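Reader: I have a chain in front of me and would like to go through its fold step by step. Where should we begin?

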Amino acid sequence: MELQDDGSFVWQAPFHPDDPLPWLDAEHDVGPTLLQIFKMGPNHWKGQRVTLAFEKLTPLQCCARFARGVGRPVRYVHGPIDIKVQIPSGYREQLDILQETLGVKRAPYFGPELEYPREGRSIWEGYRGIEEYAREVFPIEEYANGLRWMEEESTAPSSVAASEVDDGELEPAEPRGSRPMTPAGRSLPLHVTGAYTPKSHPEGLDAEFFVGSM
């Protein structure tokens, strides 16, 4: 997500605007999900693959959810991955493969025979969705990176908000995991700990390295 002069955001990615993609918050949900899988035991799965995703959204739907969570307009731009900060060694190659496979060739992430996100939700119901991430986590990451837009008013016209886009999921939404915790757009005090600062990462010693997962 890139902050614009008017306070809105733009997400540029190589994915077709109408192609569904799997979404999960790795920091919040992978650990609890694996714990539940281990509790079920190997006999429950018998060598099956687990489609670990909790939302199935197109880029346009994702931006609509994100806009609702962050309380600002979010616009999707279909274009190549544009890296403006330093990234770990080897990560660029992974992004190139992702861009070629999911963007250019428009291949399904899990393959046509694997269903999601119902399976992941049946294992772990407490997942954090895109909207909740945008509301609760994204401002903290941005604050740790030195940005202060969350303390300012947006000048972007409300008419360009992504709420105009259908943000319905491509799969049944039960059970619902992304539960509102604070009203979107309300100014709240941020409690930033050292765990979120760039200095907590070895790469953070380099200039222009940013912490964040979006």
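Author: Begin with the sheet, keeping in mind that this is a predicted model. The sheet is open and has three strands. Its pairing is mixed, and the strand order is 1-2-5.

Reader: Which are the edge strands of this sheet?

Author: An edge strand pairs on one side only. In this sheet that holds for strand 1, residues 2-3, and for strand 5. The edge strands are therefore strand 1 and strand 5.

Reader: In which sense do strand 1 and strand 2 pair, parallel or antiparallel?

Author: Strands of a sheet pair through backbone hydrogen bonds, in either sense. Between strand 1 and strand 2 there are two bridges. In one of the pairs, Leu3 has Phe9 of strand 2 as its bridge partner. The sense of the pairing is antiparallel.

Reader: Which helix packs on the sheet, and what angle does its direction make with that of strand 5?

Author: The helix touches strand 2 as well as strand 5. It is helix 3, and its direction makes with that of strand 5 an angle of about 155 degrees.

Reader: Which element gives the most residues to the largest nonpolar core?

Author: Nonpolar side chains tend to be buried together in soluble globular proteins. Here the largest nonpolar core has 23 residues, and those with the most contacts inside it are Trp11, Phe66, Val70, Val74 and Phe138. Two or more residues come from each of strand 2 (9-13), strand 3 (21-23), helix 3 (59-70), strand 5 (74-78) and helix 6 (130-136). With five residues, the element that gives the most is helix 3.

Reader: How many helices and strands does the chain have, and in what order do they run?

Author: The chain has seven helices and five strands. From the N terminus on, the order is β-β-β-α-α-β-α-β-α-α-α-α.

Reader: What share of the contacts with a separation of 6 or more joins residues 24 or more positions apart?

Author: The chain has 214 residues, of which 40% are buried. Among contacts with a separation of 6 or more, the share from residues 24 or more positions apart is 81%.

Reader: Over which stretches is the pLDDT below 50?

Author: The mean pLDDT of the chain is 79, and 73% of the residues reach 70 or more. Where pLDDT is low, the predicted coordinates should not be read in detail. That applies to the eight contacts beyond four places in sequence in one such stretch, and to the 68 contacts beyond near neighbours in the other. The stretches are residues 159-164 and residues 171-205.

Note on methods
Residues numbered from 1 in each chain as written. Predicted model: local features only at pLDDT ≥ 70, side-chain atom pairs only at ≥ 80, totals over all residues. Heavy atoms only, no water. Core = buried A, V, L, I, M, F, W, Y, C linked by side-chain atoms within 4.5 Å. Buried < 20%, exposed > 50% of the residue type's maximum accessible area, 1.4 Å probe, protein only. Helix = DSSP H or I, 4+ residues; strand = E, 2+ residues; numbered from the N terminus. Pairing = 2+ DSSP bridges. Contact = heavy atoms within 4.5 Å. Axes fitted to C-alpha atoms, helices over the stretch in contact; angles between N-to-C directions. pLDDT = per-residue confidence, 0-100.
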